[in-house]
Amino acid sequence: MNRISALHGSQSSLVIEQAPAGLLWRYWGPRLPDDFRSGPWLEFARPVPTFSLDVPVPLHLVPTFGLGWYGQSALLAHRAGRDFAQGFGQCDVVQHGQHLACKLLDTVAGIELCVDLVLDPATDVIEIRTMVTNIGTAVLDVQWLAAATLPLPDDASAVRHFSGRHNREFAEHTDALGHGIWLRENRHGITSHGHFPGAVVLLPGTTDDDGTAYGAQIAWSGNHRQLIERLDDGRSQWQLGGWLAPGEVRLAPGERHESPAVLATCSTAGLGGVARNFHGALRQRLGWPGGTMRPRPVLINSWEGFYFDHDPDRMMALADAAARIGVERFVLDDGWFAGRDDDRTSLGDWWVDGRKYPDGLKPLADHVRGLGMEFGLWVEPEMISPNSDLFRAHPDWALQLAGRPLATARHQLVLDLTRPEVGDYLFDRLAALVAELGVDYLKWDHNRDLAPAGDAAGRAAYTAQVRSTWALMARLRSSFPDLEIESCAGGGGRIDAGIAAHVNRFWASDCIDARLRIGLQRGFQQFLPPEVMGAHIGAERCHTTGRRFSLAFQALVACQGHLGLEFDLTQLDADEQAKLAGWIGFYKEHRHLLHGGDVWAGEGSDGVAWHAAGSADEYLLLVYRTEVMQQRHASPLRLPFLHDGTWRIAEVRPGERRAETDYSGAWLAQAGLPIPPGLPDTATAWHMARL
Ligand code: GLA
């Protein structure tokens, strides 16, 4: 008798079946009733097509090549060329509440797999991870292990995914799913700017707020791989996991390798439903000092205002100007340490530059704290400049391959964090800085990809490097429980649900261009919640695109996330300071709505984008005009997230609340909110409260 195991969320269900052939996927999709009846396997009930194996091979929880599964294998492994074809006929499933612990055994090939699936009913997100153990008597080479293989419905028609580069992260794409394989691989060694490790699969007709959508993301800060394969029999599978370099995982008898976790969710509320489910799951993973998120403090970052040009008096003046307008955290960016006058030098020498700061950084840190602000410091721990005392003392500490040239990027190399002495050195230096200066916040940067990531034994160290970095962050935070960390890698090169467990903010992009940021931030929030998305108001003329934007537009784009400022505030006149103070006050007044609640977003007609955040009874709605209007009049903006009740809506600006109007929720959803016409690159904000 086959055994069915099911997990139910509030919107979704998954079903697997323990059959003589192994552990099979039966279903993942919209919620089934608790007492659902699934009938027999279609594969076994329907006629066998010509030129097919006489016994059909259904989609297994871990489909493997070689025994009749012609699709991509979830495991590619061999033992000196043998045991290449695995079959996990023996299986055991133990269910503890919402957790399915699955054990699969191939006694012929000598391999054991453990697959854990946990479906959280509060978020509808399934966390899946897979572990492979070599139970044979010789070394097992593992070439690919999918952390998760997910079944997709036959009519899955499109995949929404994101590409990009430094200064242009989260560029959105929607590809039609045709025959064959849709594949994204990242071999940059970090999460990367160009390949966000996740995607959303859509059924025909699925929109931002309606229809069935399947989302998945790999909680991993290194190389990764995801593929969607439509088989010639019409079925589709989606595999996600860590990409492995040749020879990276070679398991001695008894050794095991664990995949990263995959977070997967199915929503019937479209792309937005997937995003909100992920926000809930990510919020559970974040580790806030004290256990809960404090209101996200407005910060000032010194980078674009000063670059490498540090001077204690000017930094103190910046802190004074920032404190006067309500800034709550001061972050001293790159340029403060030994000899660091440009990006060609000194990474690894984490001592304060006595030429720039003759009395050290303590006076500045104390000054900042005396003004009532937190003190933050930029570091790039995993890096080493060839021109550094650290490299001169320990050239072997850099990741490298004997006989190969050292490949620098931004004139720097990457430390081999898998060496315990490197981890200890970094921990000691960082801990000393945090303790001596009372650092509240580290901006933790990583300004290059890995190449080559060879360890001392000449083997690929990609996976171990990620785990060592996470461990270093965890070690530091357990020594300094109040410390917050920001993940930055030349902007958004290391944004993922894995490192999210160790950090409290992501620098989403080095590009602060407000127009570009609207889409970029939308992409970020497809997978991660707004409160961890660093978003800054920069100089009027954007440094990376040369475009000019008003303060109001920049402020209303940046306040979606964790607000910061990044320009030389000391240059502002009194009127400009007052205006900026007004926007900081506006953010503080609304951050309880902007962060921690539900996010809804979409597009109106004629070049309008919108973003609403809040709870069931109160929202802040931000409306952006991104194009020159083609129409004479602005069309009302439909707000599909409002279904019922009566809502009091007023346009709001710093210190100002304009005329209130009451609307039915259904009216706003179907007929829409009247919005004013406007120029491109302008925005309005609306407070909405249920009566
Ligand atoms: C990276 C970061 C920037 C800044 C510089 C400093 O590019 O993304 O915000 O910190 O490094 O070198």
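Where along the chain does D232 lie? You will meet D232 again in Figure 4, in the loop between β16 and β17 (236-242). This is a predicted model, in which local features need pLDDT of at least 70, side-chain atom pairs count only at pLDDT 80 or more, and totals for chains, interfaces and linings use all residues. Residues are numbered from 1 along each chain as its sequence is written, and side-chain values use heavy atoms, with hydrogens and water left out.

**Figure 1. The chain and its domains.** The chain is divided into domain 1 (3-285), domain 2 (289-507) and domain 3 (600-690). These bounds come from an automatic or database domain assignment. Taken over C-alpha atoms, the centres of domain 2 and domain 3 are 40 Å apart.

**Figure 2. The ligand and its surroundings.** Here 13 residues surround the ligand, and the closest are D333, D334, K443, G491 and D510. A residue is counted as near if one of its heavy atoms lies within 4 Å of the molecule or strand. By class, this shell has six charged, four nonpolar and three polar residues. For these classes, Asp, Glu, Lys and Arg count as charged, Ala, Val, Leu, Ile, Met, Phe, Trp, Tyr, Cys and Pro as nonpolar, and the others, Gly among them, as polar. Look for the short distances to ligand oxygen atoms: 2.6 Å from a polar side-chain atom of D334, 2.7 Å from an N or O atom in the side chain of K443, and 3.0 Å from an N or O atom in the side chain of W378. On its own the ligand has 310 Å² of accessible area, and the protein covers 97% of that. Such areas come from the Shrake-Rupley method with a 1.4 Å probe; for residues, only the protein chains shown count as cover.

**Figure 3. N223, a buried loop residue.** N223 lies in the loop between β15 (213-219) and β16 (224-230). Helices (H or I, at least four residues) and strands (E, at least two) are DSSP runs, numbered from the N terminus. N223 counts as buried because its relative accessibility is 2%. The cut-offs are under 20% relative accessible area for buried and over 50% for exposed, with partly exposed in between (1.4 Å probe, protein chains only). Polar side-chain atoms of N223 lie 2.7 Å from the backbone nitrogen of G189 and 3.2 Å from the backbone nitrogen of H188. Leaving aside neighbours within four places in sequence, the contacts of N223 include W243 and Y462, where contact means heavy atoms within 4.5 Å.

**Figure 4. D232, an exposed loop residue.** With 82% relative accessibility, D232 counts as exposed. Its C-alpha atom is separated by 8.1 Å from that of G180, although the two residues are 52 residues apart along the chain.

**Figure 5. R505 and its polar partners.** R505 lies in strand β28 (residues 505-507) and is buried, with a relative accessible area of 0%. Its side chain makes polar contacts with the side chains of E486 (2.7 Å) and H536 (3.1 Å). A polar contact is a pair of N or O atoms within 3.5 Å; within protein, one must be able to donate a hydrogen and the other to accept it, and residues adjacent in sequence count only if both atoms are side-chain atoms. Leaving aside neighbours within four places in sequence, R505 is also in contact with other residues, among them L299, Y441 and H562.

**Figure 6. Helices α9 and α10.** Eight of the eleven residues of α9 are buried, so this helix is largely enclosed by the rest of the structure. At the N-terminal end of α9, D513 acts as a cap: a side-chain oxygen lies 3.0 Å from the backbone nitrogen of R515. Helix α10 (residues 551-558) is mostly covered too, with six of its eight residues buried. The buried residues of α10 pack against several elements, including α9 (514-524), α11 (574-594) and β33 (618-625).

**Figure 7. Backbone surprises.** Most residues other than glycine have a negative phi, and most peptide bonds are trans. S346, not a glycine, has a positive phi of about 80 degrees; it counts as buried at 4% relative accessibility. H411, not a glycine either, has a positive phi of about 65 degrees and is partly exposed, with a relative accessible area of 30%. Finally, the peptide bond from A451 to P452 is cis, with omega near -15 degrees, and P452 lies in the loop between β26 (441-444) and α8 (462-479).
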